[in-house]
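Work through the following exercises with the sequence and the model side by side. Each task is followed by a solution that goes step by step.

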Amino acid sequence: QSRLNKLVADGVIRRFTVELDPQHELQTVRAVTTIQLHGTTTQRVVHAIRTIPEVAELHATNGSWDLVAEVRAATLEELDRALVDLLSVRGVVNTETSILLRTL
């Protein structure tokens with residue numbers, strides 16, 4: 001560990017990364033959720049949504065929906081709980097979720 005710390009401190013190692021086994025990703029339930037907000041509560045709502053562990057990505061968008069989230073969970077039950085948590089965030093008016101069945 002001390003050798004790694006020195007290499008980082010000296011700038012020899014600039015970053016670390018993780019490469020996951022593609023088969024692991026196949027076991028993950030993924031969904032895209034569009035989110036409609038009420039009023040101008042975006043920053044507070046975004047902060048609250050980011051605390052939901054299953055929310056992997058969160059994007060601002062235009063049109064009828066204010067935000068788009070990619071949600072990842074190990075099971076459908078975990079996905080369901082995350083969606084309930086998402087809808088319970090104060091300022092979230094409506095959501096619509098599509099489960100991603102496969103990548104083309």
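**Exercise 1. Decide whether R72 is buried, partly exposed or exposed, and then follow its salt bridges.**

Step one is the accessibility: R72 has a relative accessible area of 31%, and therefore counts as partly exposed, where buried means under 20% relative accessible area, exposed means over 50%, and partly exposed lies in between (1.4 Å probe, protein chains only). Before going further, note that this is a predicted model, in which local features need pLDDT of at least 70 and side-chain atom pairs count only at pLDDT 80 or more, while totals for chains, interfaces and linings use all residues. Residues are numbered from 1 along each chain as its sequence is written, and side-chain values use heavy atoms, with hydrogens and water left out.

Step two is the partner: R72 forms a salt bridge with E70, and their closest N and O atoms are 2.8 Å apart. A salt bridge here is a side-chain nitrogen of Lys or Arg within 4 Å of a carboxyl oxygen of Asp or Glu. In contrast to the partly exposed R72, E70 is buried, because its relative accessibility is 13%.

**Exercise 2. Find how many salt bridges there are, and describe the pair R81 and D85.**

The count comes to five salt bridges. One of them joins the side chains of R81 and D85, at 2.6 Å from N to O. These two residues are separated by about one helical turn, because they are four residues apart in helix α4; helices (H or I, at least four residues) and strands (E, at least two) are DSSP runs, numbered from the N terminus. R81 counts as partly exposed at 37% relative accessibility, and D85 is likewise partly exposed, with a relative accessible area of 28%. Elsewhere, salt bridges that share partners join R30, E70 and R72 into one network. A further salt bridge links the side chains of K6 and D10 at 2.8 Å, N to O, and D10 is partly exposed at 48% relative accessibility.

**Exercise 3. Work out which strands pair with β3, and in which sense.**

Begin with β2, which pairs with β3 in the antiparallel sense over five bridges; two strands pair if DSSP finds at least two bridges between them. In this pairing E57 stands opposite E70, and H59 stands opposite V68. The two strands form a hairpin with six residues between them, and G63 in the turn has a positive phi of about 90°.

Then turn to β1, which is joined to β3 by seven bridges and runs antiparallel to it, with A31 standing opposite V71. Finally, consider the surroundings of β3: five of its seven residues are buried, so the strand is largely enclosed by the rest of the structure.

**Exercise 4. Identify which residues of the largest nonpolar core touch the most other members.**

The core has 19 residues, and I35, I49, L58, L79 and V92 touch the most other members. The elements β1 (29-37), α3 (42-50), β2 (55-60), β3 (67-73) and α4 (76-87) each supply at least two residues of this core. A nonpolar core is a set of buried Ala, Val, Leu, Ile, Met, Phe, Trp, Tyr and Cys residues joined through side-chain atoms within 4.5 Å.

Now look at I35 itself: not counting residues up to four places away in sequence, I35 touches a list that includes I49, L58, W65, A69, L86 and V92, where contact means heavy atoms within 4.5 Å.

**Exercise 5. Compare the settings of T34 and A56, asking of each whether it is buried or partly exposed.**

T34 is in strand β1 and counts as buried, because its relative accessibility is 17%. Leaving aside neighbours within four places in sequence, T34 is in contact with W65, L67, V68, N94, T95 and E96.

A56 is in strand β2 and is partly exposed, with a relative accessible area of 31%. With neighbours within four places in sequence again left aside, A56 is in contact with R50, E70 and R72. A56 and R30 are 26 residues apart in sequence, and their C-alpha atoms are 9.4 Å apart in space.
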